[in-house]
Amino acid sequence: MSSGFDARRFKAMERAGFNRIAGRYADGAHLRAELATALIDAAALAPGQRVLDLASGPGLLALEAAGRVSPNGLVLATDIAEGMLAEGARRIEGSGIEVRDLEDKGVGDQGVADKGVDLLFAAADAEHLCLPDASIDRVLAGLALFMFPHPDRALAEIHRVLVPGGQVALSVWGARDTVPLISRAQDCIARLLPPPKVQRPSVFRYGDAGVLEAMLVDAGFGQVRITPCDFSCCFDSAEDYWQAFLDLAGGAAEALSRLPEPTRQALQAAVSADLEAHPRSDGKPGFCVPARALVASAVRSG
Ligand SMILES: C[S@@+](CC[C@H](N)C(=O)[O-])C[C@H]1O[C@@H](n2cnc3c(N)ncnc32)[C@H](O)[C@@H]1O
């Protein structure tokens, strides 16, 4: 981490940014549907399990997991951005799944509903989980590990709350040159704006499978499996691409929202030019921009 980096400030920025985009985040979920499916499949979910969806955003993975751990399962969605959780609870109203908050039910409670599944939402920093040791069977962490200032602390927490034999399944972005979906926008930002006074941790920092595996092993996990997931996101226009980027990148969205309008327009124009490298293959107007993510699963052995 660069000198001058302030983890608390960084988290506050991420929280503000993800609260800002909470209402729109789920609208882009279809773009990453393949990745979500790969992560859920990697988690080996089964009826009756207690699942933690860490840094859940609006709980899209949590909702999918709820279907897999029913009957008798429990899913807890936690995030640092409370607006994301509120949006998640709002979106699943009427889905037939019971939504509660932690004041209604203690986690680790053996008396969870004897049919159906409970889905709970609770604000939490991934680096400091208020959960008992060995109380969770599966942890999901979609596109999150690289967001944490101290990912080792988050992995230690995941390890602590998992039961022995419990499993984590997570996804991270691949190496920078494999994720034009993010790097195109970032390159334009780097070209047009002055360098930030304090460098943010890179979202590509676990894009090397060896680095990710070492992190998991250092945190005490075994049976590490890492698989690439390649997908492509198609947009009708450069404006749609730019909006999708902002709707995914909380902290960046927060910082960019503070720029004067002419600068934001210049950025959009630069993105538009760079996207010419990704025309649709069917010749229609618009762009298809590739992305690689890594999906990892690992087991708490002891
Ligand atoms: C890119 S979103 C991923 C959301 C969801 N896991 C998914 O796969 O769609 C990253 C999420 O991490 C959350 N986040 C960032 N820093 C966090 C922290 N320190 N603790 C908990 N959540 C955090 C953000 O608020 C945001 O909802």
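Here are some short exercises on this structure, each with a worked solution.

The model is predicted, so local features need pLDDT of at least 70 and side-chain atom pairs count only at pLDDT 80 or more, while totals for chains, interfaces and linings use all residues. Residue numbers start from 1 along each chain as its sequence is written.

**Exercise 1. Find which residues come nearest to the ligand, and sort the shell by class.**

Step 1: start with the cut-off. A residue is near a molecule or strand if its C-beta atom, placed from the backbone, lies within 6 Å of it.

Step 2: look at the 22 residues around the ligand; F18, A55, G57, A126 and G142 come nearest.

Step 3: see which helices take part. Helices are DSSP runs of H or I with at least four residues, strands are runs of E with at least two, and both are numbered from the N terminus. At least two shell residues come from α1 (7-20), and at least two from α4 (60-69). The largest share is that of α1, with 3 residues.

Step 4: sort by class. Ala, Val, Leu, Ile, Met, Phe, Trp, Tyr, Cys and Pro count as nonpolar, Asp, Glu, Lys and Arg as charged, and the others, Gly among them, as polar. The shell then splits into 13 nonpolar, 4 polar and 5 charged residues.

**Exercise 2. Work out how α1 sits against α10.**

Step 1: recall what to look for. Two packed helices are described by the angle between their axes and the distance between the axes. Axes are lines fitted to C-alpha atoms, for helices over the stretch in contact, and angles run from 0 to 180 degrees between N-to-C directions.

Step 2: read off the values. The axes of α1 and helix α10 (residues 250-257) cross at roughly 85° and come within 7 Å. That makes α1 roughly perpendicular to α10. (Angles under 35 degrees count as roughly parallel, over 145 as roughly antiparallel, 65 to 115 as roughly perpendicular and the rest as oblique.)

Step 3: list the partners, where contact means C-beta atoms, placed from the backbone, within 7 Å. On the α1 side they are M13, E14, A16, G17, F18 and R20, and on the α10 side G250, G251, A253, E254 and S257. This contact has 4 nonpolar, 4 polar and 3 charged residues.

**Exercise 3. Do the same for α7 with α11, then for α3 with α4.**

Step 1: take α7 (180-192) and α11 (261-274). Their axes come within 9 Å and cross at roughly 130°, which makes α7 oblique to α11.

Step 2: check the hand. α7 passes α11 in a right-handed crossing. (A crossing is left-handed if the near helix is turned anticlockwise from the far one by less than a right angle, and right-handed if clockwise.)

Step 3: R184, A185, D187, C188, I189, R191 and L192 of α7 meet A266, L267, A270, V271 and D274 of α11. The classes here are 8 nonpolar, no polar and 4 charged.

Step 4: move to helix α3 (residues 33-42), which packs against α4 at an angle of about 50° with the axes 11 Å apart. That makes α3 oblique to α4, and their crossing is right-handed. A36, L39 and I40 of α3 make the contact with L60, L61, E64 and A65 of α4. It divides into 6 nonpolar, no polar and 1 charged.

**Exercise 4. Is G142 buried or exposed, and what does it touch?**

Step 1: G142 lies in strand β5 (residues 136-142).

Step 2: count neighbours. A residue is buried if 20 or more other C-beta atoms lie within 10 Å of its own, exposed if 12 or fewer, and partly exposed in between, with C-beta atoms placed from the backbone. G142 has 24 such neighbours inside 10 Å, so it counts as buried.

Step 3: leaving out residues up to four places away in sequence, G142 touches A36, L39, L61 and S171.

**Exercise 5. Where are the unusual backbone spots at P71, A134 and L143?**

Step 1: the peptide bond from S70 to P71 is cis, with omega near 0°. P71 is in the loop between α4 and β2 (73-79).

Step 2: A134 is not a glycine, yet its phi is positive, near 50°. A134 belongs to the loop between β4 (117-123) and β5, and is partly exposed, with 15 other C-beta atoms within 10 Å.

Step 3: L143 also has a positive phi, about 45°, without being a glycine. Its loop runs between β5 and α6 (151-161), and with 20 C-beta neighbours inside 10 Å, L143 counts as buried.

Technical notes
Contact = placed C-beta atoms within 7 Å.
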